[in-house]
Every structure is written in structure tokens, then in C-alpha cells.
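Work through the exercises below with the structure open beside the text. Each one sets a task and then solves it in steps.

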Amino acid sequence: MKKITRQIKIGPYMFEVKHVPDLRDEDGKKLYGRHDGTYKVIEISSRQCEDMKRETVIHECLHAIIDVTGLDVKGLEESYVTAMSPVIMSWMRDNKKMVKWILNEDTK
């Protein structure tokens with residue numbers, strides 16, 4: 001099983017990816033992940049199964065994409081990202097040849 005990369009590029013920025021054993025928000029609520037657009041950091045709770053970590057990375061990357069692009073989602077960002085991230089993960093898994101083609105990789 002491959003380990004998650006420690007950096008990911010989103011737009012012109014490199015985001016550091018950190019695994020945090022007990023990730024929580026300011027109020028103490030447990031989190032699966034979060035992104036910090038100012039410091040270019042994505043934090044992922046290490047206390048999730050590998051599939052959830054993958055989906056959480058997609059989720060946080062979508063937040064970072066919205067942040068980097070400056071899209072105005074009028075308070076609906078979390079709803080959009082939560083709806084899209086599992087579908088994107090499923091699409092990638094269900095269409096490996098298409099993903100490889102998009103990435104211009106060998107599809108054999």
C-alpha cells in the first residue's frame with residue numbers, strides 16, 4: 001500500500017499534507033480533515049480507514065481549489081465539496097482507463 005504524499009500542488013502553490021492523530025476544530029469537534037489557505041497546509045486525521053483518508057484528501061483539495069481560484073460559492077462551499085468528493089473518488093476508481101488517458105499515461 002502506497003503512503004500518501006507529503007505535498008500536493010494546487011494551482012501555483014505547494015500544500016504540505018500532514019497526518020494528525022487527533023484532528024479537532026477550535027471548539028474541540030473531531031475533524032476528518034481541514035485546509036489552511038494562508039499557510040498552504042492540508043491536515044488529514046490519521047484515525048480513519050485508508051479509503052476515508054483518500055476521500056478526505058479529495059475533499060480538502062476541493063476546498064483548496066476553491067480558495068486558490070477565489071470562487072464565490074456564497075456559503076455553500078461545504079455542501080458542494082461534501083457532495084462532490086465521494087463522487088469524484090468513485091468516478092476515478094470506476095474509470096481507471098479514462099483517468100490514465102486524461103493523465104496521458106499508458107492505458108494498457
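Among the contacts in the chain with a separation of 6 or more, 44% join residues 24 or more positions apart. The model is predicted, and its pLDDT averages 93 over the chain, with 96% of the residues scoring at least 70.

**Exercise 1. State how many helices and strands the chain has, and in what order they come.**

Step 1. Count the elements: the chain has 3 helices and 4 strands.

Step 2. Read along the sequence: the pattern is β-β-β-β-α-α-α.

Step 3. Add the confidence of the elements: β4 has the highest mean pLDDT, 97, and helix α3 (residues 96-102) the lowest, 93.

Step 4. Add the overall extent: the C-alpha trace spans about 50 × 35 × 25 Å along its principal axes. Of the 108 residues, 29% count as buried.

**Exercise 2. Find which residues form the largest nonpolar core and which element gives the most to this core.**

Step 1. List the members: Ile 10, Phe 15, Val 17, Ile 42, Ile 44, Val 57, Cys 61 and Ala 64 make up this core of 8 residues.

Step 2. Assign them to elements: β2 (13-20), β4 (41-45) and α1 (50-69) each give two or more residues.

Step 3. Pick out the main contributor: α1 gives the most, with 3 residues.

Step 4. Look for a further core: apart from this one lies another, of 6 residues, including Leu 62, Val 73, Val 81 and Met 89.

Step 5. Take one member of the largest core and follow its contacts. Leaving out residues up to four places away in sequence, Ile 44 touches, among others, Val 17, Leu 23, Tyr 32, Lys 53 and Val 57.

**Exercise 3. Describe α1: its span, its buried residues and what they pack against.**

Step 1. Check the span: α1 has 20 residues and reaches 28 Å from its first C-alpha to its last, close to the 28 Å expected at 1.5 Å a residue.

Step 2. Find the buried residues: among them are Lys 53, Thr 56, Val 57, Glu 60, Cys 61, Ala 64 and Ile 66.

Step 3. Find their partners: the buried residues of α1 pack against β1 (7-10), β2, β3 (33-36), β4 and α2 (77-94).

Step 4. Look just past the end of the helix: Gly 70, just after α1, takes a positive phi of about 75°.

**Exercise 4. Compare the settings of Lys 40 and Lys 74. Which is buried, and which is exposed?**

Step 1. Locate the two residues: Lys 40 is in the loop between β3 and β4, and Lys 74 is in the loop between α1 and α2.

Step 2. Read the backbone: phi is positive at Lys 40, about 55°, although this residue is not a glycine. Lys 74, also not a glycine, has a positive phi near 45°.

Step 3. Judge exposure: Lys 40 is buried. Lys 74 counts as exposed because its relative accessible area is 66%, above the 50% cut-off.

Step 4. Look for a charged partner of Lys 40: Asp 67 has the nearest side chain of opposite charge, 4.4 Å away, and Lys 40 has no salt bridge. The cut-off for a salt bridge is 4 Å.

Step 5. List the contacts of Lys 40: beyond four places in sequence, this residue is in contact with Tyr 13, Met 14, Phe 15, Glu 16 and Asp 67.

**Exercise 5. Place Tyr 32 and say whether this residue is buried or exposed.**

Step 1. Tyr 32 lies in the loop between β2 and β3.

Step 2. Tyr 32 counts as exposed because its relative accessibility is 54%.

Step 3. The C-alpha atoms of Tyr 32 and Ser 45 are 5.1 Å apart, although the two residues are 13 residues apart along the chain.

Step 4. Contacts of Tyr 32 beyond four places in sequence include Leu 23, Glu 43, Ile 44 and Met 52.

**Exercise 6. Say how many salt bridges the structure holds, and examine some of them.**

Step 1. The total is 6 salt bridges.

Step 2. Arg 34 pairs with Glu 43, with the closest N and O atoms 2.5 Å apart. Glu 43 is buried at 19% relative accessible area, while Arg 34 is partly exposed at 28% relative accessibility.

Step 3. Asp 22 pairs with Arg 24 at 3.1 Å between the closest N and O atoms.

Step 4. Asp 51 and Arg 54 meet in a salt bridge of 3.5 Å, N to O. Both lie in helix α1, 3 residues apart, about one turn of the helix. An α-helix has 3.6 residues a turn, so residues three or four places apart point the same way.

Step 5. Asp 51, Arg 54 and Arg 93 are linked in a network of salt bridges.

Definitions and conventions:
Residues numbered from 1 in each chain as written. Predicted model: local features only at pLDDT ≥ 70, side-chain atom pairs only at ≥ 80, totals over all residues. Heavy atoms only, no water. Core = buried A, V, L, I, M, F, W, Y, C linked by side-chain atoms within 4.5 Å. Buried < 20%, exposed > 50% of the residue type's maximum accessible area, 1.4 Å probe, protein only. Contact = heavy atoms within 4.5 Å. Expected span 1.5 Å × (residues − 1). pLDDT = per-residue confidence, 0-100. Lys, Arg positive; Asp, Glu negative; His and termini not counted.
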